[in-house]
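Please open the model in your viewer and keep the sequence panel visible. The tour proceeds by selection, and each stop describes what is found there.

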Amino acid sequence: MTRLVGKRLLAVVPVMLIVSLLSFALVALVPGDAAATLGGPSATVEQIAAIRANLGLDEPIVTRYLGWLGHAVTGDLGRSLFSDQPVLGAIGERLPVTLTLAVGALVVAVVLGLPAGLFAALNRGRWQDRTISAGAAGSLSVPNYFVGMVLIIVVSVSFGWLPATGYTAFAADPAEWFRHLVLPCIALGLVPAAVLARQLRGALVGVLAQDYMRTAEAKGLRGDQVLLKHALKNAAIAPITAVGTQFALVLGGSVVVEQVFGISGLGALVITAVQQRDIPLIQGIVIVAAVLVQVVNIAVDLSYGWLNPRVRVA
Amino acid sequence: MTASPTTHDAVSDATTVRPVLEVRGLFVEIDTGDQRAAVLSDVGFSIAPGETLGLVGESGSGKTMTAKAIMGLLPRLTARVTGGEIVLDGVDLLGLSTKQLREIRGDTVAMIFQEPMTSLNPAFTVGDQIAETVRRHRGVSKKAAWARTVEVLSDVGIAAAERRSRSYPHEFSGGMRQRVMIAMALCCEPALLIADEPTTALDVTVQAQVLDLIRHMREALGMAMLFVTHDLGVIADVSDRVVVMYAGQVVEQSGVLDLFRRPAHPYTEALLNSMPGVEAGPRGTLLSIPGQPPAAGDFPVGCRFHQRCGYAAEECTTAGIPLTVVGAQETRCLLHTDLPSRPPLVDLVPEDEIVPEVLLDAEPREPR
């Protein structure tokens with residue numbers, strides 16, 4: 001198990017190098033001159049050149065990359081071109097909001113998707129199964145911002161049950177924090193919920209037909225022991241992988257959903273950074289998002305070792 | 001004069017010892033696509049405490065279906081019991097709720113299966129899988145359940161049981177996994193053990209060991225056993241009495257010696273003839289049963305075996321044949337009623353020549 005963890009952590013290094021290279025290269029390829037934008041329309045050529053020199057934009061790209069990488073490894077992602085705030089600090093301010101939203105979306109996914117998948121598998125081929133399949137297909141085909149807008153119109157505007165926009169920190173008011181999170185988390189969580197339900201149903205249908213499930217029944221275990229212990233642990237690999245993959249998509253989705261619900265998280269920061277061509281900030285956000293996704297992927301991989309004892313040996 | 005009623009009472013007491021299991025008039029139907037087919041028709045037998053009943057038949061004869069019906073393990077969505085009673089220890093299992101049935105399964109009645117390689121859950125240690133059964137039915141502490149687990153694993157011949165209890169199923173061979181399954185079935189000392197082809201999937205050398213173990217454990221615990229197999233050699237080895245099934249019906253019920261000496265049903269006779277090592281028919285020739293066993297939903301009218309039976313007559317093709325008592329045996333065959341048109345069934349072997357142990361060395365084959 002220790003070897004599995006070690007191997008998995010080593011594999012992060014090349015992935016992060018590639019991500020850093022791509023993010024650096026992509027931003028360098030984007031048309032437009034940060035120095036010119038920063039200087040504004042009235043800036044003189046000399047002023048722009050001064051800005052450029054100040055930012056090191058004159059140096060060859062390889063030198064720039066290596067320098068940036070060296071700082072990044074030590075946790076210094078540079079400073080924003082506009083606010084002059086350290087990039088890591090700017091991200092740190094927004095990250096908790098977006099992470100809360102992402103985790104909340106995954107909670108919604110589990111709360112909806114897990115029972116739906118279980119129920120569909122247990123009633124395979126019957127109307128309950130078909131209803132859940134249709135619901136999942138529907139959830140997958142509706143964009144999250146549309147769901148968000150419908151939720152705002154129906155739940156907030158028509159019924160006034162929950163606030164339409166904004167965010168309250170947990171420390172300030174836990175109840176309000178929760179009330180503000182419900183709708184955006186549902187909007188973001190419906191797609192992962194549908195993916196989870198489908199994956200779980202498929203895996204469970206296979207597991208329920210296994211001989212060891214018959215053994216579990218023959219031992220006289222309670223229904224919940226049979227299903228939640230013996231079946232779920234064996235069926236969990238595919239759904240957990242799917243949820244892990246969904247985490248990256250939820251992070252991406254939060255960019256739009258934060259706009260719909262007027263939440264200033266990482267998504268809102270990304271939009272500002274891109275509009276202003278704030279290169280260090282864009283790079284920093286990409287790197288932080290990649291680290292987050294890597295962490296989730298490692299957690300998913302390690303769960304395999306727990307779920308399937310045979311993986312531990314390999 | 002006064003002694004005679006007492007004697008009579010004693011006899012009737014002996015014969016009315018409450019059986020551990022009594023199956024009466026069991027009917028089961030399955031969904032096959034859009035129609036429903038009867039897979040078990042009027043299946044009945046009983047097992048006395050400490051007795052081993054062999055249940056023999058070809059694939060599709062309904063023997064496994066019968067075992068599953070007793071355990072309440074019929075496929076929930078596709079099979080249903082449409083009639084009969086399954087009385088275990090005086091309780092009709094068919095009248096119980098699923099919840100009540102779960103209390104009994106693994107406790108009063110336990111089952112071991114044909115597929116040792118896949119019957120254990122790969123995600124949990126074998127000790128965990130046995131201990132959870134003990135905890136479920138005995139309600140003891142985790143520690144006590146684990147102690148019982150190690151004890152029962154060691155009873156079934158697993159060396160270093162303490163250490164091996166923490167191993168996963170993939171770390172065991174097929175024969176060892178079947179030992180684990182046996183330990184799991186016996187951990188709560190059931191009154192009845194159902195063994196469904198427990199040695200079929202194992203290597204021949206391991207088969208004998210596992211069979212010995214089952215026999216030994218049965219004697220040690222004094223439990224009754226329903227031993228399901230297609231293998232007459234194994235039947236000769238373990239059973240006291242034998243029920244032969246064909247096309248969802250019981251066609252013969254005999255003591256094990258009677259079954260081999262004078263099978264009362266032509267199907268039993270054909271099964272014996274198709275088994276190497278029994279000196280029936282010309283030396284060295286194995287007789288196979290012509291044709292295929294009928295599929296559920298496609299059982300012929302009259303005797304269900306008549307199309308493949310060498311003795312079949314007109315009377316066999318018109319109406320269902322009742323189970324009739326012939327001496328100590330029961331058979332679903334008209335040969336034992338007065339049918340002048342056919343020769344009587346003969347004893348396969350002279351009474352004192354057959355020794356069931358001989359059958360052990362023979363390698364039986366699945367009749368076709």
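Two strands are said to pair if DSSP finds at least two bridges between them. The model toured here is a predicted one.

**First stop: a strand pair in chain B.** Select strand β9 (residues 241-246) of chain B together with β10(B); the two pair in the antiparallel sense over six bridges. Within this pairing, B:Arg241 has B:Gly255 of β10(B) as its bridge partner. Now move to the turn: β9(B) and β10(B) form a hairpin with two residues between them, and B:Ala247 in that turn has a positive phi of about 50°.

**Second stop: the other pairing of β10(B).** Add strand β12 (residues 329-331) of chain B, which runs antiparallel to β10(B) and is joined to it by two bridges. Here B:Glu330 of β12(B) stands opposite B:Gln253. Is β10(B) largely enclosed, and why? Six of the seven residues of β10(B) (residues 249-255) are buried, so the strand is largely enclosed by the rest of the structure.

**Third stop: two helices in chain A.** Select helix α8 (residues 144-158) and helix α9 (residues 174-208) of chain A, which pack at an angle of about 145° with their axes 9 Å apart. The contact includes A:Leu151 and A:Ile152 of α8(A), and A:Leu183 and A:Pro184 of α9(A). By class, this contact has 11 nonpolar, two polar and no charged residues. The crossing of α8(A) and α9(A) is right-handed.

**Last stop: a loop residue.** Select A:Gln276, in the loop between α13 (266-275) and α14 (279-307) of chain A. A:Gln276 counts as partly exposed because it has 17 C-beta neighbours inside 10 Å.

Conventions
Residues are numbered from 1 along each chain as its sequence is written. Chains are lettered from A and ligands numbered from 1 in the order in which they are written. This is a predicted model: local features need pLDDT of at least 70, side-chain atom pairs count only at pLDDT 80 or more; totals for chains, interfaces and linings use all residues. Helices (H or I, at least four residues) and strands (E, at least two) are DSSP runs, numbered from the N terminus. A residue is buried if 20 or more other C-beta atoms lie within 10 Å of its own, exposed if 12 or fewer, and partly exposed in between; C-beta atoms are placed from the backbone. Axes are lines fitted to C-alpha atoms, for helices over the stretch in contact, and angles run from 0 to 180 degrees between N-to-C directions. A crossing is left-handed if the near helix is turned anticlockwise from the far one by less than a right angle, and right-handed if clockwise. Two residues are in contact if their C-beta atoms, placed from the backbone, lie within 7 Å. Ala, Val, Leu, Ile, Met, Phe, Trp, Tyr, Cys and Pro count as nonpolar, Asp, Glu, Lys and Arg as charged, and the others, Gly among them, as polar.
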